[in-house]
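Q: Please take a close look at one part of this structure, the packing of a pair of helices and the charged contacts that go with it, and set it beside what is found elsewhere in the chain.

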Amino acid sequence: MRRRIGTRKGTSRPRTRLDRALAITLVSGVGLLVILGLVFSMAYGSKQITSRATDLHNADETLRSATVARAQVGLAVHLLTVDDVFGTNSAEAIDLSVSEAEVALQDLQAGADRLEADATADVTAAVTAARRLGETTETTLQAVKEGDVDAARALSVTHDDDFQTALTELERLRNQLAQSVEASDDFLGRVGTGARFLVAFLIPAAVIFIYRDLLLRQHRHTELEGRLESERRLSRAREEFIANASHELRTPLTGISGLAQILAEDPAITQSPTATELLDLIISESHDLARMVEDLLTTARLDAGALHFDFDYVSIHDVVRDVVEPMVKAGTDIEWDCEPAVIRADGLRTRQVLRNLLSNAQKYGGSPIEIRGAIEGRTYRCEVIDDGEGVPESIRDHMFERFVQRGRAGVSDSVGLGLAIVHALTHGMGGSVTYRRAARRTVFTVRLPLAEDLTALDHEWESGTAGLLETRLGLEG
């Protein structure tokens, strides 16, 4: 059997579609990651601006409190000094200044606590200076309350120095925080601009791409439907042509075979060895041609999914006899020994399987051809054996495919469908077919399922009570 396997085309299209889908997925994933990164960056920037703005507010409040405390302490010390020098009485004004200074002192301490607790920048120097100013303010106010002019004037000098230190550190911190807020706001603005650009670009691009992809899919779908319809029409036309051709060929073939059989029984013909040989050749070739026509029709039905099996109780003995007798009459040397059994199969298709295997053995093997059958478990094993060279090693994996031949020289009367049809029919009937070499002989083994409850039926067959067997089969069917 020569192997004729065409080169498969069109395999690059699925690969192209796969690469395109992978590229689309990667681009979409990268775009989504970029957008998510921008969103998180905007959220982080907003959080940073809020934190720095809170720190800036706390620094401003602390600086304001320090300024108020310094002013009220200075005013209280000044009024106390004036009363001491000029003998005036400014007690009410001094009490008011002390009260305002104490409120400012509380605000100063609270501001330092908030800076230390909430700040995201380095506030150590500013907080330390603010706390030192608070301590000096408290000490100076105590001296003012006690009326100690000299101590109050001396402490006011230290108070002014601590205020200048606190003022310097708080202004430095405020400027640092203001610059940080400005930088974060600028970064957030750039990120927002980039996000708006990406959204404004990606959304129309995605819409255009999706619309284009939908159009391409619709076009491919329409094209595919057209191709499928063309394939259906072609398949129907091919099936009709093969069916018509098979019918037209079967009619003359049946006539030729029948006339040849009649002539073969004519005494005038049988007396001539040459005529007998020619008639045997006509009968053999007509049988081969009829088998080829049947194979073509079966192949067409397989392709169209229109091949149906008419399952029934089938006698292996009858099947083998119906197939072997015409071939023996045509001059083929066949020896057969089959254990009687009944299988559940399609009788017509079973005969076709056996006929194809015998034809294959006749072409590629040699006389005698043997048929051996036996029950094996719940299946029936039928072997067709010939002494041919067997199937070449190079095509054994494809021997049951269509249009595969052994490739022997001088053998060209085959289209390479016989074994493929054997394989399809046996599997369609729930069986199997295998090939092996044993004792330098070629063996094709077909296994088909046995009918149920065969013990009594086989005994009746062996006893020759075929009529009772047929009656029971009819009742069970």
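**Salt bridges and helix packing**

A: In this predicted model, a search of the whole structure finds 21 salt bridges. One of them serves as a way into the helix pair, since aspartate 322 and arginine 351 form a salt bridge in which the closest N and O atoms are 4.0 Å apart. Aspartate 322 belongs to helix H7 and arginine 351 to helix H8, so this pair ties together parts that lie 29 residues apart in sequence. Both partners have some access to the surface: aspartate 322 is partly exposed, with a relative accessible area of 36%, and arginine 351 is partly exposed as well, at 25%.

The geometry of the two helices gives the setting for that pair. Helix H7 covers residues 316-329 and helix H8 covers residues 347-364, and they pack at an angle of about 40° with their axes 9 Å apart. An angle of that value makes H7 oblique to H8, and the crossing of the two is right-handed. On the H7 side the contact is made by Val319, Val320, Asp322, Val323, Val324 and Met327, while H8 contributes Thr350, Arg351, Leu354, Arg355, Leu358, Ser359 and Gln362. Sorted by class, the residues of this contact are 7 nonpolar, 3 polar and 3 charged.

Beyond H7, in the loop between that helix and strand S2 (334-338), sits threonine 332. With a relative accessibility of 10%, threonine 332 counts as buried, and, when residues up to four places away in sequence are not counted, it touches Met327, Gln362 and Ile369. Met327 and Gln362 also appear among the residues that make the contact of H7 with H8, so threonine 332, through its contacts with these two residues, touches a member of each helix as delimited by its residue range.

A second helix pair offers a useful comparison. Helix H2 (residues 91-118) and helix H3 (residues 124-146) have axes that come within 10 Å and cross at roughly 160°, which makes H2 roughly antiparallel to H3. The crossing of H2 and H3 is left-handed, whereas that of H7 and H8 is right-handed. From H2, the residues that meet H3 are Ile94, Val98, Ala101, Glu102, Leu105, Leu108, Gln109, Ala112, Asp113, Leu115 and Glu116, and their counterparts in H3 are Val127, Ala130, Arg131, Leu133, Gly134, Thr137, Glu138, Leu141, Val144 and Lys145. These residues divide into 12 nonpolar, 3 polar and 6 charged.

Returning to the salt bridges, two further pairs can be described individually. The side chains of arginine 396 and glutamate 393 meet at 3.2 Å, N to O; arginine 396 counts as partly exposed at 32% relative accessibility, and glutamate 393 counts as exposed at 61%. Salt bridges with shared partners also join Glu376, Arg381, Glu383, Arg436 and Arg447 into one network. Within that group, glutamate 383 forms a salt bridge with arginine 381, their closest N and O atoms being 3.4 Å apart, and glutamate 383 is buried, with a relative accessible area of 11%.

Technical notes
Residues numbered from 1 in each chain as written. Predicted model: local features only at pLDDT ≥ 70, side-chain atom pairs only at ≥ 80, totals over all residues. Heavy atoms only, no water. Axes fitted to C-alpha atoms, helices over the stretch in contact; angles between N-to-C directions. Helix = DSSP H or I, 4+ residues; strand = E, 2+ residues; numbered from the N terminus. Parallel < 35°, antiparallel > 145°, perpendicular 65-115°, else oblique. Left-handed = near helix turned anticlockwise from the far one by under 90°. Contact = heavy atoms within 4.5 Å. Nonpolar A, V, L, I, M, F, W, Y, C, P; charged D, E, K, R; others polar. Buried < 20%, exposed > 50% of the residue type's maximum accessible area, 1.4 Å probe, protein only.
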